[in-house]
Every structure is written in structure tokens, then in C-alpha cells.
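This report concerns charged side chains and their pairing. The sequence and the model are shown first.

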Amino acid sequence: AYIRAPNPSSYKSFRKGIDQLLDEGAVQALRQRNDEGGGPLMLAAVGQLQFEVVQARLKNEYGVESIMEPLTYTMARWADAGWEAVDKADAAGKLFGIMIVQ
């Protein structure tokens with residue numbers, strides 16, 4: 001799911017809370033391929049409850065609201081063969097309905 005702070009003035013607290021939750025392993029952060037960190041923040045979790053916990057903790061512990069935008073994907077897979085293999089499979093038309101993230 002994408003997560004963002006609706007109020008730009010609270011971004012510093014939002015980022016501090018997200019960084020703490022990532023350090024604790026509550027969720028994982030993903031980025032779209034070739035995003036050097038300026039794109040939208042994407043979180044990965046085992047289930048919906050983890051996303052709800054993140055939002056509740058951001059509000060209760062850091063005093064910031066957040067907006068969660070669900071993605072339609074239901075699973076993530078690691079590409080053990082590396083990016084070259086992913087690019088090759090993508091070019092060959094073997095990957096369907098995917099978002100390539102790092």
C-alpha cells in the first residue's frame with residue numbers, strides 16, 4: 001500500500017514514525033524500480049492488520065494522520081537471479097500484471 005501524510009507540515013513527524021516502524025520490522029518499504037527515494041512510499045505487510053497498526057501508531061505515538069492507498073497486488077516475490085533476469089523475462093513477455101519494485 002502507498003502511505004502518505006495528508007498534511008505537509010507534519011511530514012517530519014510522519015517520516016520519524018515511519019522510520020521507527022521500519023526499524024522495528026513492523027512493515028517493509030519498497031520503491032518502484034529506479035526510484036532513488038523521491039517517489040511515493042510503498043509499504044509491504046503480511047496482512048491488513050499490520051497496515052492498521054502502522055496508522056494507529058503514527059497517530060497515537062507521533063501525532064500524525066496518514067492516508068493509506070491499497071494496491072491490488074496480493075504477493076511479492078524475490079528475483080533471486082537478479083535484475084538482469086527480470087529485465088530479460090519482462091522483454092520476453094513472460095511477466096504479466098506486475099509492478100517491478102526494489
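Asp19 is partly exposed in this predicted model, because its relative accessibility of 33% falls between the limits of 20% for buried and 50% for exposed. Its partner is Arg15: the two side chains meet in a salt bridge, with 2.9 Å from N to O. Arg15 likewise counts as partly exposed, at 27% relative accessibility. Both residues belong to helix H1, which spans residues 11-24, and they are 4 residues apart, about one turn of the helix.

A further pairing involves Arg57 and Glu24, whose closest N and O atoms are 2.7 Å apart. Arg57 lies in helix H2 (residues 48-62) and Glu24 in helix H1, so this salt bridge ties together parts that are 33 residues apart in sequence.

Arg57 also forms a salt bridge with Glu61, with the closest N and O atoms at 2.8 Å. Here both partners lie in helix H2, 4 residues apart, about one turn of the helix. Glu24, Arg57 and Glu61 are thus linked in a network of salt bridges.

The relative accessibility of the residues in this network is tabulated below.

| Residue | Relative accessible area | Class |
|---|---|---|
| Arg57 | 21% | partly exposed |
| Glu24 | 40% | partly exposed |
| Glu61 | 46% | partly exposed |

How many salt bridges does the structure hold? The total is 5, among them Arg15 with Asp19, Arg57 with Glu24 and Arg57 with Glu61. In general, side chains of opposite charge can pair when their charged atoms come close.

How values were computed: Residues numbered from 1 in each chain as written. Predicted model: local features only at pLDDT ≥ 70, side-chain atom pairs only at ≥ 80, totals over all residues. Heavy atoms only, no water. Salt bridge = Lys/Arg side-chain N within 4 Å of Asp/Glu carboxyl O. Helix = DSSP H or I, 4+ residues; strand = E, 2+ residues; numbered from the N terminus. Buried < 20%, exposed > 50% of the residue type's maximum accessible area, 1.4 Å probe, protein only.
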